[in-house]
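Subject: Structure handover

Hi,

Here is the structure I promised to pass on. My notes on what turned up are underneath, so have a look at the model and then read on.

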Amino acid sequence: MMRFSTMALAALVSGGLVSAGDANKAPAVPTFNHDIAPILYKNCSNCHRPGEVAPFALLTYQDAAKRARQLAEITQARVMPPWKATPGYGDFRDARRLTDPQIAMIRDWAAHGSPEGDPAEKPATPKFPNGWLGGEPEQVLKMTQSYAVPAEGPDQFRCFVIPLNADQDEYVNRVEFRAGNPRIVHHALLFLDTSGEARKRETVPGQGYSCVGGPGLDITGSLGGWAPGAQPANAPPGVAHTVKKGSDLVLQIHYHLDGKAEQDQSTVGLTFSKTPPTKGLTLFVLGNQKIDIPAGDSQYVVKASGVVPMDTEAIGIFPHAHYLCKDMKVDAHLPDGSVTPLIWIKDWDFNWQGSYRYQSAVKLPKGTRLEMQYTFDNSAANPHNPSNPPREVKFGEETTNEMAFAFVSLTLPNPEDVTEFRRGTRAEFVATMLENGVDAEALGPQRAGQMQLLLNAFDKNHNGKIDPEERDALVQFLIKRSQQQNKQ
């Protein structure tokens, strides 16, 4: 059966392909079997099915028809599917974003009484794996104990320490997180720790520790993250996550309470590369801790930048802020003067943060400057504002504080480049922080004192901050100091 929208018919008439009389025939009304089921099965049913994180299923006509108006409203508002990246600013894998015609189709279907249509036109109901989506992993890691989540209260951010027991360096090709209790596990981030600090923070073994914003320690690596709808994928050719001997997995889970006491014991599956990686894998961290948002300010802007110290390629990005952020934009300014957009989220929602992987690696030559600009809304008009009335908000770990970070996953030409690259990026990060002076309240007394000594040494014009002409000397000093410390 051939179906045309009103706009399509108008175009055909204006082109002389059909007669005006033919065009007077009413366009076909969308039906579930012919039009809506294919959209839902491709974009929604992965989460909206029994046993998964979504609150209801969308597999049958009955499932969808009783929620037709709701489906029309939330897709029109682009609340669902949960995909925040704006098209045209980064080309990402596994994008869960409906097209405008698909949204219009759902709207028209609901407006016409959500008809079921011809059963013969209904596509086969999708079948989902009962086990691991990416296939059976080679190593399965499980939270050492079940964790009890209360019925009510604020959302919880909890870090659980899982020993990896690696007696030599290992190389992970694919990571898959499985929520033990999909009703309450909102998302998860996976960090690596070789310092033993995470074990010290987990005072009751197996019960984790509170960790809003991040694990609260100097991580040595990452295994990515998970959010509803995420699909496990093999690392790009030549790339693997290096798990150092003696590493612990620090599993940060965001729990969304559902009104009754629950238990969770989530798992992680690892698949390993048979050979060491031929490319380096690392993170570039953009961030600004100098945040002080006045109550009522709806356009508070936070900026940060950093220079890539060697040729690299971006394979993914993870932007992060808390409830007050509304707009976040990250661009790469290349040495030739061109600008490559890395991501733009115009309707940030803390509850739907996640990692975005590029379809193809984005080349970032040495000297590329990464720039981020985040806009925060601390007014009463912001529905996400946790304070009513609004109050002054500064940088901090709690969700009622704020943050502004972008974690860019990068590959380097050789694994041996990672150490030198990290020296350069850490130096750049410190220099970026000192572009705004020293925020003693955000850094704490000890770290603020260290930063003040650096500022005093390199602030040649004594204006209380590091200017562009002072920056290079500071960066080179920090790199050389790091090299000397490693030799000791």
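First, a term for what follows: on a 1 Å grid over the protein atoms alone, a pocket is an open set of points with protein on both sides within 12 Å along at least five of seven lines, while a cavity is a set of points where a 1.4 Å probe fits but cannot get out; lining residues have an atom within 4 Å of a point. Grid points are joined across faces, edges and corners, and a volume is the space filled by probe spheres set on the points.

This is a predicted model, in which local features need pLDDT of at least 70, side-chain atom pairs count only at pLDDT 80 or more, and totals for chains, interfaces and linings use all residues. Residues are numbered from 1 along each chain as its sequence is written, and side-chain values use heavy atoms, with hydrogens and water left out.

On confidence (pLDDT, the predictor's own score for each residue, from 0 to 100): the protein chain has a mean of 87, with 93% of its residues at 70 or more. Residues 1-23 have pLDDT below 50, and this stretch has 21 contacts in the model beyond near neighbours in sequence (contact means heavy atoms within 4.5 Å).

Now the pockets. The second largest one holds about 850 Å³ of space. Its lining has 42 residues, and Cys 47, His 48, Met 80, Pro 82 and Trp 352 lie nearest its centre. At least two lining residues come from each of α3 (32-43), α5 (68-76), α6 (100-111) and β5 (185-193). Helices (H or I, at least four residues) and strands (E, at least two) are DSSP runs, numbered from the N terminus. By class, this lining splits into 24 nonpolar, 13 polar and 5 charged residues; Ala, Val, Leu, Ile, Met, Phe, Trp, Tyr, Cys and Pro count as nonpolar, Asp, Glu, Lys and Arg as charged, and the others, Gly among them, as polar.

Met 80 has something else going on: its peptide bond to Pro 81 is cis, with omega near -10°. Pro 81 sits in the loop between α5 and α6, and so does Arg 78, whose phi is positive, near 60°. Another cis bond joins Asn 388 and Pro 389, with omega about 5°. For context, most residues other than glycine have a negative phi, and most peptide bonds are trans.

As for enclosed space, the whole structure has 5 cavities of 30 Å³ or more. The largest has a volume of about 80 Å³ and is lined by 12 residues, with Gln 289, Lys 290, Met 433, Gly 437 and Asp 439 nearest its centre. The elements giving two or more residues to that lining are α8 and α9 (440-443).

Finally, the packing. A nonpolar core is a set of buried Ala, Val, Leu, Ile, Met, Phe, Trp, Tyr and Cys residues joined through side-chain atoms within 4.5 Å; buried means under 20% relative accessible area, exposed over 50%, partly exposed in between (1.4 Å probe, protein chains only). The largest core has 65 residues, and Ile 317, Val 330, Leu 370, Tyr 374 and Phe 376 have the most contacts inside it. Helix α8 (residues 417-434) gives the largest share of this core, 8 residues. Another core, of 26 residues, lies apart from it and includes Ile 184 and Trp 226.

Cheers
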